[in-house]
Amino acid sequence: MRQSLWSLAIGGLGLGSLGMVGGTAIGGELGPLAIGYGLLVALSGLYLVAGLAIRERVWTRLARPMPTTTQPDRLAGRRVF
């Protein structure tokens, strides 16, 4: 079973956002800590999304352009040195 990194990135964004929102509800010293770690996880998830999008964009190759000059189909039309 092959798992995609996209699901990990989206999960990181969701978990980080939940940690930031949940950190505001927690009082005391633990609240700012939860907000900070939530921000860290959300930013790393966003970084992973950007990296995966760039990798996917680079790996999709555009079609090769057709040559503008006609290629000779017999040996008599070519220069042979």
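**Notes on a two-helix chain**

1. Let's start with one residue: Ala9 has a relative accessibility of 0%, so Ala9 counts as buried. The cut-off for that label is under 20% relative accessible area. Keep in mind as you read on that this is a predicted model.

2. Where does Ala9 sit? You'll find Ala9 in helix H1. Leaving aside residues up to four places away in sequence, Ala9 touches Gly45, Leu48, Val49 and Leu52. Take Leu48 from that group: Ala9 and Leu48 are 39 residues apart in sequence, yet their C-alpha atoms are 5.9 Å apart in space.

3. Now for the overall layout. The chain has two helices and zero strands. Helix H1 covers residues 5-25, and helix H2 covers residues 30-59. Going by those ranges, Gly45, Leu48, Val49 and Leu52, the residues that Ala9 touches, belong to H2.

4. How do the two helices pack? In general, a pair of packed helices is described by the angle between their axes and the distance between the axes. Here H1 and H2 pack at an angle of about 155 degrees, and their axes are 7 Å apart. That angle makes H1 roughly antiparallel to H2, because angles over 145 degrees count that way. As for handedness, the crossing of H1 and H2 is left-handed.

5. What kinds of residues make up the contact of H1 with H2? By class, there are 16 nonpolar residues, nine polar ones and one charged residue in that contact.

6. Val21 is a handy counterpoint to Ala9. Val21 is also found in helix H1, but is Val21 buried or exposed? With a relative accessibility of 59%, Val21 counts as exposed, since the label needs over 50%. Val21 and Leu39 are 18 residues apart in sequence, and from C-alpha to C-alpha they are 9.9 Å apart in space.

7. Finally, a few figures for the whole chain. Of its 81 residues, 12% are buried, and Ala9 is one of the buried residues. The accessible surface comes to about 7400 Å², with 66% of that surface belonging to carbon and sulfur atoms. Looking at contacts between residues at least 6 apart in sequence, 57% join residues at least 24 apart. The contact between Ala9 and Leu48 is one with such a separation, at 39 residues.

Definitions and conventions: Residues are numbered from 1 along each chain as its sequence is written. This is a predicted model: local features need pLDDT of at least 70, side-chain atom pairs count only at pLDDT 80 or more; totals for chains, interfaces and linings use all residues. Side-chain values use heavy atoms; hydrogens and water are left out. Helices (H or I, at least four residues) and strands (E, at least two) are DSSP runs, numbered from the N terminus. Buried means under 20% relative accessible area, exposed over 50%, partly exposed in between (1.4 Å probe, protein chains only). Contact means heavy atoms within 4.5 Å. Accessible areas come from the Shrake-Rupley method with a 1.4 Å probe; for residues, only the protein chains shown count as cover. Axes are lines fitted to C-alpha atoms, for helices over the stretch in contact, and angles run from 0 to 180 degrees between N-to-C directions. Angles under 35 degrees count as roughly parallel, over 145 as roughly antiparallel, 65 to 115 as roughly perpendicular and the rest as oblique. A crossing is left-handed if the near helix is turned anticlockwise from the far one by less than a right angle, and right-handed if clockwise. Ala, Val, Leu, Ile, Met, Phe, Trp, Tyr, Cys and Pro count as nonpolar, Asp, Glu, Lys and Arg as charged, and the others, Gly among them, as polar.
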